[in-house]
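Here are a few exercises to work through with the model open in your viewer. Try each task before you read its solution.

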Amino acid sequence: HVDALCHVLACGMPPVLSPRFTAGLDKTLRLFQVDGKVNSLLQSVFFPDLPINSAMFTKQGAEIALSGRRKFFYIYDLQTGRVRKIHEVQGRKEKSFEHMYASPDDKYLVFTGLDGDVVLVSNQTKHSVGHVKMNGSARAVSFLNDGTRMLTAGGEGKVYVWDLRHQKRCVHAFVDEGAVSCTSLAVAANNAYVAVGQDTGVVNIYDVRPRVDGGACQCSALIQLCLSGATCCWWVC
């Protein structure tokens, strides 16, 4: 193992066989070869102007995107070792892109922005391709596993479902039961369920499958969990 000088805020499991990573506020990306025994450190990459809040594999594990409380973000190419700085997202006033998400189809990098905006950036060009807007603040993002729909949630305690194929329009919204503010989202691998975490520590699990008649989702909480806090949700199967 390697001793870190700060809390680890991001870690990555690749979609294909490649190194794992950790990253955090010490501005360092660490790549590991995980074998369950030695778990050797392969490389450390230091980003002098970026305490890292978010990092994730993109492009089928060929790149790692990294962001923090800055208006810029970085792309690290695992094949070439090249570090590319994206100095700004054009047309955006945000000074922080600490909350970053990647669509599973590798089309978008997504950032929570100001005033309920969720900013979509092309993963190919790294230029802004638009945004969607919620009524409250934006605090969490997740996707169906094919990337066709995006779920967002935030300060008003409501979950929005966006169709990214058709002008990024909102196709459904529902209130998270008992929520004042939603802080995390996770869609199950089969697209049938979504976990919604609240700032109170409550996690509700919903059935979001379309009804047989093609109507709206059946969005009533199936399971409710109580934790000390729910800043991040992940499905493990």
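For counting, a helix is a DSSP run of H or I with at least four residues, and a strand is a run of E with at least two. Keep in mind that this is a predicted model.

**Exercise 1. The overall make-up**

Task: work out how many helices and strands the protein chain has, and what share of its residues count as buried.

Solution:
- Step 1. Go through the runs: the protein chain has 20 strands and zero helices.
- Step 2. Turn to burial. The chain has 237 residues, and 49% of them count as buried.
- Step 3. Look at the surface. About 12,200 Å² is exposed, with carbon and sulfur atoms supplying 53% of that area.
- Step 4. Check the contacts with a separation of 6 or more: 38% of them are between residues 24 or more positions apart.

**Exercise 2. One open sheet**

Task: find the order of the strands in the four-strand open sheet, and say which of them stand at the edges.

Solution:
- Step 1. Trace the pairing. The order is E5-E6-E7-E8, and the strands pair antiparallel.
- Step 2. Pick out the edges. E5 and E8 each have a single partner strand, so each has one side without a neighbour in the sheet.
- Step 3. Add the twist: on average, neighbouring strands here are turned by 20° against each other, direction ignored.
- Step 4. Zoom in on one pair. E5 and E6 (residues 63-68) are joined antiparallel over six bridges, and Thr58 sits opposite Glu63 in E6.

As background, strands of a sheet pair through backbone hydrogen bonds.

**Exercise 3. Salt bridges**

Task: count the salt bridges, using a cut-off of 4 Å between a side-chain nitrogen of Lys or Arg and a carboxyl oxygen of Asp or Glu. Then look at three of the pairs.

Solution:
- Step 1. The count comes to nine salt bridges.
- Step 2. Take Asp26 and Arg30. Their closest N and O atoms are 2.9 Å apart, and both residues are buried.
- Step 3. Move to Lys85 and Asp49, where the closest N and O atoms are 2.8 Å apart. Lys85 is in strand E8 (residues 83-86) and Asp49 is in the loop between E4 (40-46) and E5 (52-58), so this pair ties together parts that are 36 residues apart in sequence. Lys85 is partly exposed at 27% relative accessibility, and Asp49 is partly exposed at 26%.
- Step 4. Now Asp117 and Arg92, whose side chains meet in a salt bridge at 2.9 Å, N to O. Asp117 is in strand E11 (residues 117-122) and Arg92 is in the loop between E8 and E9 (100-102), which puts the partners 25 residues apart.
- Step 5. Asp117 has a relative accessible area of 9%, so it is buried.
- Step 6. Follow the links outward: Arg92, Glu94, Asp117 and Lys133 are connected in a network of salt bridges.

**Exercise 4. A loop threonine**

Task: decide whether Thr148 is buried or exposed, then list what it touches.

Solution:
- Step 1. Locate the residue. Thr148 is in the loop between strands E13 (138-143) and E14 (149-154).
- Step 2. Compare its accessibility with the cut-off: buried means under 20%. Thr148 comes in at 17% relative accessibility, so it counts as buried.
- Step 3. Check the side chain. The Thr148 side chain makes a polar contact with the side chain of Asp146 at 2.8 Å.
- Step 4. Set aside neighbours within four places in sequence. Thr148 is then in contact with Trp162, Asp163, Leu164 and Arg165.

Notes:
Residues are numbered from 1 along each chain as its sequence is written. This is a predicted model: local features need pLDDT of at least 70, side-chain atom pairs count only at pLDDT 80 or more; totals for chains, interfaces and linings use all residues. Side-chain values use heavy atoms; hydrogens and water are left out. Buried means under 20% relative accessible area, exposed over 50%, partly exposed in between (1.4 Å probe, protein chains only). A polar contact is a pair of N or O atoms within 3.5 Å; within protein, one must be able to donate a hydrogen and the other to accept it, and residues adjacent in sequence count only if both atoms are side-chain atoms. Contact means heavy atoms within 4.5 Å. Accessible areas come from the Shrake-Rupley method with a 1.4 Å probe; for residues, only the protein chains shown count as cover. Two strands pair if DSSP finds at least two bridges between them. Axes are lines fitted to C-alpha atoms, for helices over the stretch in contact, and angles run from 0 to 180 degrees between N-to-C directions.
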